[in-house]
Amino acid sequence: MKIDCLCAGILVADHLSPPLDRLPRAGELILADALPLEIGGCASNVALDLIRYGLSVGVLGCVGQDAFGRFIIDTLAQGGIDTSGLREIAGVPTSGTLILNVRGEDRRFIHTIGANGHLRAEDISLDQIRQAKVFYVGGYLLLDSCDPERLAELFRAARVAGVQTVLDIVLPGAGDHWPRLAPVLPETDVFLPNFDEALAITGLDDPMCQAERFVAAGARTAVITCGGDGTVLVSQTNRLRAGVYPVEFLGGTGAGDAFDAGYIAGLVAGGDERECLRLGSLLGASCVRGLSATASVFTRAEAAEFAVRYPLAIETI
């Protein structure tokens with residue numbers, strides 16, 4: 001069965017706090033109205049956002065044989081996503097993230113890699129990829145068992161088959177991440193890090209320079225998301241800077257993944273880089289209106305209506 005996008009990568013059970021006035025002191029109890037359990041992780045989030053937008057999606061990844069793994073599988077399946085590519089790993093917990101939100105501050109994360117560390121490039125068949133228009137890998141640097149050379153081979157084969165390759169990352173911490181990126185970037189059609197990730201990798205504090213560095217390393221297009229400062233895109237033919245949409249900010253969890261989903265939706269529709277950037281910015285902005293990673297992301301109809309009312313400024317640099 002043909003699908004619009006095959007999403008591979010990290011699958012996470014998110015444990016969320018509502019916006020707090022402050023973090024508790026040592027030994028102190030702070031009450032909250034709710035501490036919801038939500039689905040998270042790049043592959044899960046992008047898949048659910050794309051389904052919400054009206055595209056067809058499959059997911060590849062690993063969860064544990066536990067209640068949180070069952071929660072992820074059931075949530076994706078109930079959303080209309082093909083979950084036949086999910087593996088349950090015995091004796092390993094499902095990946096989880098504790099997300100602490102404090103008013104006026106960026107969110108804080110406490111994460112366990114868990115079953116995500118067992119996803120290997122060789123577990124992904126080229127036949128599965130050939131069924132999609134776009135092959136997306138999210139949270140790559142947290143995939144401990146995903147060999148860079150093998151992933152590069154998979155991306156190369158996907159491109160030969162006419163499937164566009166999209167890569168996003170999550171940093172596991174400080175360190176030299178180039179050895180894991182260098183083989184994969186030349187086979188990547190679109191690379192989508194955020195500013196902080198790009199700064200940690202390149203040491204450059206200008207997003208346009210960061211994007212240029214990734215394109216020089218082989219990526220066909222590099223897009224750096226910069227939160228409230230908008231987005232920059234560098235490719236072999238374009239240098240673009242996009243503004244932001246006017247929305248009320250409640251929480252940033254999943255905003256980068258929503259941007260990825262919007263950009264992928266643009267690719268599936270055959271849009272040019274400006275249109276992909278516009279759709280990415282649109283879905284990313286819609287995400288921050290809620291606390292969870294996917295609940296407030298626009299449907300296709302909502303996105304179209306909002307875009308008419310609020311045009312996005314995109315300039316050539």
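In the predicted model, Gly-251 is in contact with Cys-287, Val-288, Gly-290 and Leu-291 once its neighbours within four places in sequence are left aside. Gly-251 itself is found in the loop between β13 (239–242) and α8, and, at a relative accessibility of 2%, Gly-251 counts as buried because the cut-off for that class is under 20%. With respect to Leu-233, from which Gly-251 is separated by 18 residues in sequence, the distance in space is 24 Å from C-alpha to C-alpha.

The helix that follows this loop, α8, comprises residues 255–268, and its 14 residues reach 20 Å from the first C-alpha to the last, close to the 20 Å expected at 1.5 Å a residue. Helix α8 is mostly covered, with 13 of its 14 residues buried. Just after α8, a positive phi of about 80 degrees is taken by Gly-270.

A second group of residues centres on Ser-95, Asn-116 and Val-12. Ser-95 is found in the loop between β5 (82–89) and β6 (96–100), while Asn-116 lies in the loop between β7 (108–112) and α3 (126–130), and Val-12 lies in strand β2, which covers residues 12–16. With a relative accessible area of 1%, Ser-95 is buried; Asn-116, with a relative accessible area of 1%, is buried as well, and Val-12 counts as buried at 2% relative accessibility.

Two polar interactions involve the side chain of Ser-95: this side chain reaches the backbone oxygen of Thr-112 at 2.8 Å, and the side chain of Asn-116 makes a polar contact with the side chain of Ser-95 at 3.2 Å. Neighbours within four places in sequence being left aside, the contacts of Ser-95 include Leu-11, Val-12 and Ala-13, together with His-111, Thr-112, Ile-113, Gly-114, Ala-115 and Asn-116. Under the same exclusion, Asn-116 is in contact with Gly-9, Ile-10, Leu-11, Val-12, Cys-62, Ser-95 and Leu-143. Val-12, for its part, has among its contacts beyond four places in sequence Ser-95, Gly-96 and Thr-97, His-111 and Asn-116, as well as Glu-38, Ile-39, Gly-40 and Gly-41. Ser-44 and Ile-72 are also in contact with Val-12. Val-12 and Gln-236, by contrast, are 224 residues apart in sequence and 34 Å apart in space, C-alpha to C-alpha.

Strands β2 and β6 also contribute to an open site, each of them supplying at least two residues of the lining of the second largest pocket. About 190 Å³ of space lies in this pocket, and the residues that line the pocket are His-15, Leu-16, Ser-17, Leu-20, Pro-24, Ile-30, Leu-31, Ala-32, Leu-35, Pro-36, Leu-98 and Leu-100. By class, this lining has 10 nonpolar and 2 polar residues, with no charged residues.

With regard to enclosed space, a search of the whole structure finds 1 cavity of 30 Å³ or more, and the volume of the largest cavity is about 30 Å³. The lining of the largest cavity is formed by Leu-119, Arg-120, Ala-121, Ile-124, Val-137, Leu-143, Cys-146 and Leu-151, and these residues divide into 7 nonpolar, no polar and 1 charged. Leu-143, one of the residues that line the largest cavity, is also in contact with Asn-116.

Key:
Residues numbered from 1 in each chain as written. Predicted model: local features only at pLDDT ≥ 70, side-chain atom pairs only at ≥ 80, totals over all residues. Heavy atoms only, no water. Helix = DSSP H or I, 4+ residues; strand = E, 2+ residues; numbered from the N terminus. Expected span 1.5 Å × (residues − 1). Buried < 20%, exposed > 50% of the residue type's maximum accessible area, 1.4 Å probe, protein only. 1 Å grid on protein atoms, 1.4 Å probe; cavity = no way out; pocket = protein on both sides within 12 Å on 5 of 7 lines; lining within 4 Å. Points joined across faces, edges and corners; volume = space filled by probe spheres on them. Nonpolar A, V, L, I, M, F, W, Y, C, P; charged D, E, K, R; others polar. Polar contact = N/O pair within 3.5 Å; in protein donor to acceptor, adjacent residues only side chain to side chain. Contact = heavy atoms within 4.5 Å.
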